[in-house]
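This report introduces a protein structure to a reader who has not met it before. It turns from pockets and cavities to the packed interior, and then to individual residues.

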Amino acid sequence: MSESEKKDDKKDEKEIEIPGTLPVLPVRDIVVFPYMILPLFVGRDKSINSIDYSLNTNRMIMLLTQKDLNVENPERDDMYSIGTVGLIMRMLKLPDGRVKILVQGLTKARCVNIYEKDNIFVADIEKIEDIKPAVISLEIEALIRTVKEQIDKTVSLGKTILPDIMIVIENLDDPGRLADLVASNIGLKTDQAQHVLEIGEPVDRLKKVSEVLNREIELLIVQQKIQTEARGEIDKTQREYFLREQLKAIQKELGDIDERMEEIKEFRKKIEEAKMPEKVLKEAEKQLKRLEKMHPDSAESATVRTYLDWLVELPWSNSTADKLDIKLAKKVLNEDHYDLEKIKERILEYLSVRKLNPKMKGPILCFIGPPGVGKTSLGKSIARALGREFARMSLGGVRDEAEIRGHRRTYVGALPGRIIQGIKQAGTNNPVFMLDEVDKIGTDFRGDPSSALLEVLDPEQNHQFVDHYLAVPFDLTKVMFITTGNMADTIPSPLRDRMEIMHLSGYTAEEKCGIGRNYLLKKQFAEHGLTENMIKIHDSALMLMISQYTREAGVRNLERSIANLCRKVAKSIAEGKEKKYVITNKNVHKYLGTPKFLPEEEIKKDEVGVSTGLAWTETGGDIIYVEATTMKGKGNLTITGQLGDVMKESAQAALSYVRSRAKELNIDEDIFAKRDIHIHVPAGAIPKDGPSAGITITTAIASALTGAPVSKSIAMTGEVTLRGSVLPIGGLKEKALAAKRMGIRTIIIPKRNEKDLEDIPKYVKKDMEFILADTMDNVLAKALKPIPVIGKTAKNDKANNKTGENDKAKDKAKDKAKDKIKDKADENSPEL
């Protein structure tokens, strides 16, 4: 402010008369000093009325500071008694109903009395005059200089004061006005500023301002020191952050896109489009708000960003419409798979129910069968028939529970479980989800995955499946779960109880031939670039490959053999030997080499002590021969052929039964003490076990001891008890197929297995006879043939079926022969 302006101000001050009564304007959070010019926003009704009253009179108003700025409607006791008389220079009414005024402080005044009149506060005031010193002494001048130096230092330490104000301060010599000007521009708190205003002595007021400035300087020095230290500790990440923020500011000024806000906007859009359940939506919005407040380069923000990605990409409401055309589904299933009528019928039943009840929960099927029978490919066909997406997960060797339920987000690199991952990859919330090798789940200190699967595979629980990573429920009821395994016995019983188990047995040779002809040949021709004009494979060649080049329940090795044959033909064609290659059973060995498996040698005649049994293996059914023979000894039983404990116990039980029925079987009871019995099952390198060979072993022992031969055209299977009862067995279909392959047309089975005959294909049963047996008497009556009548004892000896009476006869014959030789020697002795 210039000297001329100061003179004008003094002149105005002398000319303006301050009335004794003025309207009161309470102000909040500020103390108005004399000579201050500042804008005020007024919104309270009483305050607006006071302004209107002042404008209609002398434009003067008493400005009093509130003691508590939070009081909305102050009373007389809520305001300080000392304030400043202000002159309203300008007034502007705002659209929101408030009033903006520009006011200038004139002089200090004290309110003697404050009262309410016409809905405004009115005060009787006394003007407070500054007592100016008559002479500026050295002490006052030193104080003025000190204050000016202090204000300069505060500015140098970072305090912001307008340059115009600094010029006015430099030119002021009045201690009172200097104190008021400095106090109004250094940002004092309300109570401190009011205290300075109320000091009447100008020199004392200036001293108080000097003290306040000293404290302010100390604070600024400490603040600057902290900032300097902090600035020195800024690492590379912080520097990059500042540079990045500056770059963003530049991009914003240039009109470029703010990547972070664009990312938040994109997330919000995806959350709306995902149509999440209410609980999931709340969690997603909560995490999005957290992400907005986070530093974009912090580790936590990356975790939240990944979590939000998973939430918005999961198909919460995205489903595929099922194809409920039963005829079309049946056609698709028949195109992809040969036979498997029960499985196909079950899928068609499910579709039929879905057609009647769209809200039906998905079934949980379990396909149990040997390798290569088409369990996994059947799941893909089901998905194709239903028109659903297909997801697959292998459970073989899984030992960590987190593979199913996911990791908690507190771990570095945490991810959802494989179930949620599979559903995300499928892109719908109702895929066909195949869990392969459910019978090979492991367990260790990391948890029990099979127990975690209980929640997944239970329709009563999986509508609220909570993955540890997501921590929000996901509805799995629409998912059609299909599990596969080779054996049901190794599946934990609680898990097995939740699934509908369907057995897929091995294929017959005829079925394999049909699969090869209808599916495998076309597939391998396409993969090897061959056409039907280049190669033709006869059914006889397929049958030979099935019987002598593969030994399995499924068709994997058959497909490999076909692929091997196709490669050989493709090589010949590539070498220029172009012709149509016709493959039959007579020239298969030229392409595949010598056969890998030779069939069991068929028994050429009925033999004593040799019976034909049927066995179940993982690769399907097979036949076994049980041999029994007797020899001189002490009644010992020898068992060979690498038999398991169960099979050995069956042999013991068989022998005990035969001994208990010795009289009925016309067996001399003394033979069990004088002769040893040896039981052997050929192919000794192959382990064998199970109770179903019980009646086969019993028949072989009975044949060896009675001398009655066993019919070579009969095979048998069944468990035997000490009382001679025949108990039911499993795997009848596979065993019947094995017998058919060997040309055996008659099979003895337990009577309680009669129900299982329905599972055997009609073309298999057509040429076969199934004899139902309750007891071993029924078995022996059918299996043993009558003992042949032989005139000479020597022939019985050769048959190795001597009884106790034959042994005595032989001994007598030998004694007679010796006596004859001795008598003849006695007669000739004199001549010698």
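## Pockets and cavities

By class, the lining of the second largest pocket comprises eight nonpolar, eight polar and ten charged residues. The model described here is a predicted one. The second largest pocket has a volume of about 660 Å³. Several elements each give two or more residues to its lining, namely helix H12 (326–336), helix H14 (375–386), strand S8 (390–394), H19 and H21. In total, 26 residues line this pocket, and those nearest its centre are His337, Gly372, Val373, Gly374 and Ser377.

Cavities were also sought. Over the whole structure, the search finds four cavities of 30 Å³ or more. The largest cavity has a volume of about 50 Å³. Its lining is formed by Lys361, Gly362, Pro363, Ile364, Pro459, Asn462, Leu476, Thr477, Val479 and Phe481. By class, this lining holds six nonpolar residues, three polar residues and one charged residue.

## The chain as a whole

The protein chain contains 30 helices and 24 strands. Of its 832 residues, 44% count as buried. The chain exposes about 45,300 Å², and carbon and sulfur atoms supply 50% of that area. Among contacts between residues at least 6 apart in sequence, 73% join residues that are at least 24 apart.

## The nonpolar cores and helix H20

In soluble globular proteins, nonpolar side chains tend to be buried together. The largest nonpolar core of this model has 52 residues, and those with the most contacts inside it are Phe367, Ile382, Met480, Ile537, Met545 and Leu565. Apart from the largest core lies another core, of 51 residues, which includes Phe267, Ile271, Val456 and Val479. Val479 of this other core also belongs to the lining of the largest cavity.

Met545, named above for its contacts in the largest core, is one of the buried residues of helix H20 (residues 539–549). The others listed for this helix are Ala541, Leu542, Leu544, Ile546, Gln548 and Tyr549. The buried residues of H20 pack against three helices and two strands: helix H19 (509–527), helix H21 (556–574), helix H22 (588–592), strand S14 (535–537) and strand S15 (581–583). H19 and H21 are also among the elements that contribute to the lining of the second largest pocket.

What is Met545 in contact with, leaving aside its neighbours within four places in sequence? The partners are Ile537, Thr550, Leu558, Ser561, Ile562, Leu565, Val588 and Leu592.

## Two buried residues in helices

Glu455 lies in helix H17 (residues 449–456). Because its relative accessibility is 15%, under the 20% limit, Glu455 counts as buried. Not counting residues up to four places away in sequence, Glu455 touches Arg405, Gln461, Asn462, Gln464, Phe465 and Val466. One of these, Asn462, is also a lining residue of the largest cavity.

Thr698 has its place in helix H25 (residues 694–706). Thr698 counts as buried because its relative accessibility is 0%. Leaving aside neighbours within four places in sequence, Thr698 is in contact with Ala654, Tyr657, Val658, Val720 and Met776.

## Exposed residues in loops

The table below gathers three loop residues with their places and accessible areas.

| Residue | Loop between | Relative accessible area |
|---|---|---|
| Asp29 | strand S1 (21–27) and strand S2 (37–42) | 55% |
| Lys275 | helix H9 (259–274) and helix H10 (278–293) | 62% |
| Gly158 | helix H3 (138–156) and helix H4 (163–171) | 53% |

Asp29 counts as exposed because its relative accessible area is 55%, where the limit is over 50%. Lys275 is likewise exposed, at 62%, and so is Gly158, at 53%.

The backbone of two of these residues deserves a remark. Asp29 has a positive phi of about 65° although it is not a glycine. Lys275, which is not a glycine either, has a positive phi of about 50°.

For Gly158, a distance can be added. Gly158 and Ile221 stand 63 residues apart in sequence, while their C-alpha atoms are 9.6 Å apart in space.

Notes. Residues are numbered from 1 along each chain as its sequence is written. This is a predicted model: local features need pLDDT of at least 70, side-chain atom pairs count only at pLDDT 80 or more; totals for chains, interfaces and linings use all residues. Side-chain values use heavy atoms; hydrogens and water are left out. A nonpolar core is a set of buried Ala, Val, Leu, Ile, Met, Phe, Trp, Tyr and Cys residues joined through side-chain atoms within 4.5 Å. Buried means under 20% relative accessible area, exposed over 50%, partly exposed in between (1.4 Å probe, protein chains only). Contact means heavy atoms within 4.5 Å. On a 1 Å grid over the protein atoms alone, a cavity is a set of points where a 1.4 Å probe fits but cannot get out, and a pocket is an open set with protein on both sides within 12 Å along at least five of seven lines; lining residues have an atom within 4 Å of a point. Grid points are joined across faces, edges and corners, and a volume is the space filled by probe spheres set on the points. Ala, Val, Leu, Ile, Met, Phe, Trp, Tyr, Cys and Pro count as nonpolar, Asp, Glu, Lys and Arg as charged, and the others, Gly among them, as polar. Helices (H or I, at least four residues) and strands (E, at least two) are DSSP runs, numbered from the N terminus. Accessible areas come from the Shrake-Rupley method with a 1.4 Å probe; for residues, only the protein chains shown count as cover.
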